[in-house]
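Work through the exercises below with the sequence and the coordinates open beside you. Each task is followed by a solution that goes step by step.

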Amino acid sequence: MKLSKVFRAALDLVVPPLCWVCREPARGRLCGHCRQQLPWIEPLVPRRRGSVLQQQWSPLEFEGPARALVHALKFHSATALAALMAEHLVDALPPRAFPDDATLVPVPANARRLRQRGFDHADLLASALARRVRLPLDRPLRRETSVFNGQRGLGRSDRLSGRGLQVTAAGAVPSRAILVDDVCTTGATLERCAKALLGAGAFRVGAVTYCTVP
Ligand SMILES: [Zn+2]
């Protein structure tokens, strides 16, 4: 057993870990009750009109404990949750969601947010997922800072159209890429990223997100 694991086990005896969703004592990062409340859905996301994505997978609805886990990862620096979310993805998605010749590509964070948070949640999730499914990880995408500083302040129609979001691919891109992000809201971000990869020479681009807004 690694020293860190011994330390963790000893710490758990003194301070029992709390569920990240309901803050009750729990074994692991999610209590049994919250685990049962996870809003699983049919994971193959219906194709949006005009989509350039080959396939999109998302096993959970952006609701309840799934939403709480995403917020904890994003806003409370609960970086250890990335491993739990990767575990959920691997458990819920079929093997064909992760073809042998694919490379995982995290959806790039907004530069300003990255500076504020100090970590990139999509990158953490993609890294944890890459370790689990034993696929390579590449980071060819860059998100340009625009006058809008991201999409959060924009209305739904603006976000749907991808307004305020510029993504470019730098250097060589994998021929088969799977974009990884925590949430798919409108799909505009994934489409922009996929177009950047296809424009830079990728042959096929799919996507995996932890949850989605149906
Ligand atoms: Zn709980």
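Helices (H or I, at least four residues) and strands (E, at least two) are DSSP runs, numbered from the N terminus. The model is predicted, so local features need pLDDT of at least 70 and side-chain atom pairs count only at pLDDT 80 or more, while totals for chains, interfaces and linings use all residues. Residues are numbered from 1 along each chain as its sequence is written, and side-chain values use heavy atoms, with hydrogens and water left out.

**Exercise 1. Describe the surroundings of T209.**

Step 1: locate the residue. T209 belongs to strand β7, which covers residues 204-212.

Step 2: assess its accessibility. Buried means under 20% relative accessible area, exposed over 50%, and partly exposed in between (1.4 Å probe, protein chains only); T209, at 0% relative accessibility, therefore counts as buried.

Step 3: list its neighbours. With contact meaning heavy atoms within 4.5 Å, and not counting residues up to four places away in sequence, T209 touches Q56, W57, S58, P59, L89, D181, D182, V183, C184 and L190.

Step 4: look for polar partners. A polar contact is a pair of N or O atoms within 3.5 Å; within protein, one must be able to donate a hydrogen and the other to accept it, and residues adjacent in sequence count only if both atoms are side-chain atoms. The side chain of T209 makes such a contact with the side chain of S58 at 3.0 Å, and a polar atom of the T209 side chain lies 3.2 Å from the backbone oxygen of C211.

**Exercise 2. Find the salt bridges of K74, R48 and R139, and place the partners in the chain.**

Step 1: apply the criterion. A salt bridge is a side-chain nitrogen of Lys or Arg within 4 Å of a carboxyl oxygen of Asp or Glu, and by this rule the count comes to five salt bridges.

Step 2: take K74, whose side chain meets that of D182 in a salt bridge (3.3 Å, N to O). This pair links distant parts of the chain, with K74 in helix α3 (residues 64-75) and D182 in strand β6 (residues 176-184), 108 residues apart. Both K74 and D182 are buried, and D182 is also among the residues that T209 touches.

Step 3: take R48, which pairs with E191 at 3.4 Å, N to O. Here R48 sits in the loop between α2 (32-36) and β1 (56-57), whereas E191 is in helix α8 (residues 188-199), 143 residues apart. R48 counts as partly exposed because its relative accessibility is 24%, while E191, at 11%, counts as buried.

Step 4: take R139, whose salt bridge with D123 brings the closest N and O atoms to 2.5 Å apart. R139 is in the loop between α6 (121-133) and β4 (141-144), and D123, 16 residues apart from it, is in helix α6. R139 is partly exposed at 43% relative accessibility, and D123 is buried at 16%.

**Exercise 3. Which protein donors hold the zinc ion, and what is the geometry of its site?**

Step 1: identify the donors, namely N, O and S atoms within 2.8 Å of the metal (3.2 Å for Na, K and Ca); water is not among the atoms, so sites may look incomplete. The protein donors are the SG atoms of C19, C22, C31 and C34, lying 2.3 Å from the zinc ion, and their spacing in sequence is C-x2-C-x8-C-x2-C.

Step 2: test the angles. Four donors count as tetrahedral if all angles lie between 85 and 135 degrees; the angles among the four donor atoms are 102 to 116 degrees, and the site is tetrahedral.

Step 3: compare two donor residues. C19 is buried, with a relative accessible area of 0%, whereas C22 is partly exposed, with 32%.

Note on methods
Tetrahedral: all angles 85-135°; square planar, octahedral: opposite > 155°, others 65-115°.
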